[in-house]
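Student: I would like a close look at a single part of this model, the cysteines, with enough of the whole chain around them to see where they belong. Could you take me through it slowly?

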Amino acid sequence: SSKFTLTRPSCMKGLANSLRLQTFHSLNNLLQQKLYPQALKASTSPHNSHLTDTVYALFVKSGSVLTPFLSTYLITHFSLSGDFSRATQLLRDTHRPDAVVYNALIYGYARFSQPRPAFELFNLLRQLGLTPDIYTFSSLIKACDDLRLTETVHGISIKTGLVSGAFLVSGLVENYSKSGCVDGAEKCFEECLVLDSVVWTALINGYVWNGEFDMGREVFMDMRGWGFEVNEFSLTTVLGSLFEVNEGEQIHGFSLKTGFLCGCSIHLENAVMNMYLRCGRKSNAVKVFEEIRNPDFVSWTGRIGAAYDGVEAFDMFGFCHSRGLEVNEYTLSNVLSAIAGPKLLNPGKQIHGFCYKAGHLLLVSVCNAMVLLYRKCGLMGDAMCVFDEMICPDSVSWNSLIAGYSENGLFSEAIAMFSHMRDFVIQPNKYTLASILGVVSNSYSPGQAMQIHSLIIKIGFESDNSMLSGLITSYGKCNSIDGSMRVFEENNEPNVLLLNAMEATFVHANCHFEALKLFHRAWSLSFEVDGVTFSLVLKACGALTDLELGSSIHSLAFKFGVNQDLFVESAAIDAYCKCGSIDDAERAFRELSKDNLAAWNAMLMGYAQLGRFREVFDLFKKMPELGMKPDEITYLGVLKSCSHAGLVNESQSHLNSMLELHGVVPCVEHYACVVDALGRVGLIEEAKRTIDRMPILPDAQVWQILLSACNIHKHVDLGKVAAGELLQLQPENESAYILLSNLYASAGKWNAVGNLRRKMKERIICKEPGCSWIQVRGSICAFFAGEALLPDGKESYVMLQNLSGQMLLLSDSELDNIFSFDP
């Protein structure tokens with residue numbers, strides 16, 4: 001006998017045929033017995049409506065009457081499958097239909113989000129004198145797609161006296177919340193006579209939908225306080241309101257304790273995982289995912305969001321796609337956000353192609369993620385192409401494009417896009433204005449800052465602290481300190497955010513005295529301050545090399561309880577180093593609450609400034625041992641110490657290895673340090689070759705360093721080249737003229753010296769006088785070279801002459817003893 005193996009599709013096909021055959025036999029028996037109502041119910045199948053039509057024809061031909069009971073069954077069947085033509089015909093054929101029959105069809109329309117026919121049926125029901133019940137109103141509430149319809153149903157249900165029950169109230173709370181009317185949702189909740197867990201959960205969900213997370217948490221606590229049952233739905237809802245991991249861990253633990261996370265609720269498991277993702281705990285999110293027995297596409301979407309890097313995210317996306325798992329807009333947004341960056345541009349383009357083929361580019365969120373991808377890669381042309389192909393870009397799309405142009409230094413394009421947005425009558429939001437303020441800050445145009453300021457007032461954001469903070473910063477960067485102060489002073493209730501913005505503006509503009517005065521005023525008026533405030537004031541003290549005041553501010557930080565703030569710790573170390581008090585800096589460094597890169601960089605830079613290269617190298621070697629990865633500032637300190645110590649080989653070695661060892665791309669400042677190191681030891685030609693080999697354009701600082709080295713080592717030819725490049729970048733730079741003039745003078749080229757000085761006079765370029773200052777009994781006394789109107793000037797010059805005379809009487813060996821020190 002022959003044998004064969006039946007494949008699974010063949011088995012399924014055979015089973016389906018067998019079942020179909022049994023149905024036909026059953027129907028045939030019912031029809032032969034003239035049991036037409038039973039035959040009609042048995043004929044309903046989601047795949048064969050024509051069979052029902054045939055049996056219904058026999059039913060009508062037999063003279064049977066379509067009762068409300070049978071009609072309700074049939075209408076429910078067809079309306080749930082979306083076959084409203086057959087369902088409507090059955091309603092017409094029903095003998096004396098009651099409210100239950102109408103409810104079946106109204107529910108079908110509601111399920112398919114068709115409010116108009118649902119309300120027409122409701123009106124017909126009332127015209128026929130039938131009484132709607134709670135199921136009628138429940139279906140109507142489900143059908144509502146805007147606030148007006150919800151209010152209409154709410155009003156009618158109040159009139160009929162059916163609104164007090166939890167069954168309807170939960171739906172009304174949900175509808176009001178989805179429409180953004182939280183007040184309406186609260187009113188329904190307060191008027192409900194019989195509350196249950198469903199109504200409480202609906203209100204919590206409403207607060208979460210509308211971003212009122214604190215209220216959501218508060219209502220959840222009230223729900224538990226009143227002794228209502230907490231189920232997986234209420235737990236899922238409250239997890240959406242949590243942004244503090246300790247609160248989320250409590251809900252996670254409670255869910256485990258009550259058994260809801262034992263494979264009972266995939267929705268709750270996904271909510272726990274997403275909570276950890278929101279709180280930045282990717283490792284916890286991965287652990288939750290691994291405990292899910294049968295992860296669905298929502299679980300995989302969350303897992304992609306928890307990926308370690310873009311490569312893992314892309315691999316997981318490929319796994320989901322190969323297994324035929326559903327891929328939606330959230331999955332695509334997660335993977336595109338994870339791979340946004342130049343290193344994974346090709347995988348990003350592959351996903352772009354997949355989205356194009358699968359039709360996902362019709363979704364705004366996916367297109368926004370594509371814009372972000374190309375924006376992070378610096379490909380603003382490609383980002384613009386995606387934007388142009390969007391059917392209806394939203395405010396996020398415009399904001400992303402404007403921010404992209406700003407990030408990539410295309411400020412005029414960002415302004416043009418903002419104007420274009422206004423032409424389309426799209427109202428800018430806070431994110432738009434924050435981006436455009438950043439653009440204005442880089443344009444150095446106070447006029448543009450004033451225009452954006454006017455727009456902020458016009459839109460109604462003049463009381464928004466984030467907007468006011470951005471305005472203060474923007475005016476400051478546009479060299480309009482008065483504009484910054486005006487914004488700060490016009491606010492009736494100055495807060496720590498605005499105070500810090502004003503302090504940062506003063507420090508950025510080198511108005512360090514004003515920064516200290518503002519802090520003193522804020523402290524005397526009991527304004528709120530924080531660690532950022534103290535760090536900015538310490539930075540001002542460091543810039544003024546005011547050790548006494550810096551120590552006082554640091555002591556005040558201890559008293560205020562912010563001494564262990566990371567910003568304060570690093571700022572204190574930096575201030576002590578700049579004031580030359582390395583002992584105080586080392587003590588602050590030893591007392592760090594925990595190792596942080598900024599504090600280590602501050603200490604390292606301090607050692608570098610004081611020429612303590614051995615200490616610099618010791619710190620640099622310890623950093624990887626403590627798990628800290630050196631960054632651009634770390635290497636800047638290392639290279640500066642090499643430059644000051646004349647360690648040419650070491651400086652070149654660090655420059656060449658920083659990318660390979662720690663992934664730090666050398667920038668202009670790093671090359672400037674190496675050029676300085678070479679120039680200090682007289683390797684002028686090698687310094688020029690280093691500049692020529694730079695992968696980026698040298699700036700004015702690099703050429704000025706080379707010019708200074710040429711001046712010291714009397715290298716006229718390269719000095720002329722360096723001066724030429726410097727003056728091309730900064731035509732009004734008086735140092736370039738003076739250094740080149742001194743270089744010509746040392747070489748005896750007096751004609752060239754005369755020509756340079758004539759050019760300086762023609763361009764009205766004057767040498768900025770040298771300045772020094774000293775602190776005496778808490779007051780800063782500044783001295784300018786050649787100043788005649790100095791207070792107590794005569795006494796000061798007499799003292800200088802006396803000191804000079806005493807120095808002239810000393811021998812060279814005695815002078816060496818006075819000025820020598822042990823590093």
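Tutor: What follows starts with the chain as a whole, turns to the cysteines, and ends with two other residues for comparison of setting.

This is a predicted model, in which local features need pLDDT of at least 70 and side-chain atom pairs count only at pLDDT 80 or more, while totals for chains, interfaces and linings use all residues. Residues are numbered from 1 along each chain as its sequence is written, and side-chain values use heavy atoms, with hydrogens and water left out.

The protein chain has 47 helices and two strands, where helices (H or I, at least four residues) and strands (E, at least two) are DSSP runs numbered from the N terminus. Its radius of gyration, taken over C-alpha atoms, is 38 Å, well over the 28 Å that the globule rule gives for 823 residues, so the chain is more spread out than a compact globule; the rule itself is 2.2 Å times the number of residues to the power 0.38. Along its principal axes, the C-alpha trace of the protein chain spans about 135 × 75 × 55 Å. Buried residues make up 44% of the 823 residues, where buried means under 20% relative accessible area, exposed over 50%, and partly exposed in between, with a 1.4 Å probe and protein chains only.

Now to the cysteines. A disulfide is a covalent bond between the sulfur atoms of two cysteines, and here it is counted as a pair of cysteine sulfur atoms within 2.5 Å. The structure holds zero disulfides. Cys192 is accordingly in no disulfide, and the nearest cysteine sulfur, that of Cys188, is 9.0 Å away. Cys192 is also buried, with a relative accessible area of 7%. Cys642 is likewise in no disulfide, and for Cys642 the nearest cysteine sulfur, that of Cys673, is 9.0 Å away. With a relative accessible area of 0%, Cys642 is buried.

Two other residues help to fill in the picture. Thr72 lies in helix H4, residues 68-80, and counts as buried because its relative accessibility is 17%. Leaving aside neighbours within four places in sequence, Thr72 is in contact (heavy atoms within 4.5 Å) with Val100, Val101 and Ala104. Glu291, in turn, is found in the loop between helix H17 (282-290) and helix H18 (297-305), and at 56% relative accessibility Glu291 counts as exposed. The C-alpha atoms of Glu291 and Leu261 are separated by 9.0 Å, with the two residues 30 apart along the chain.
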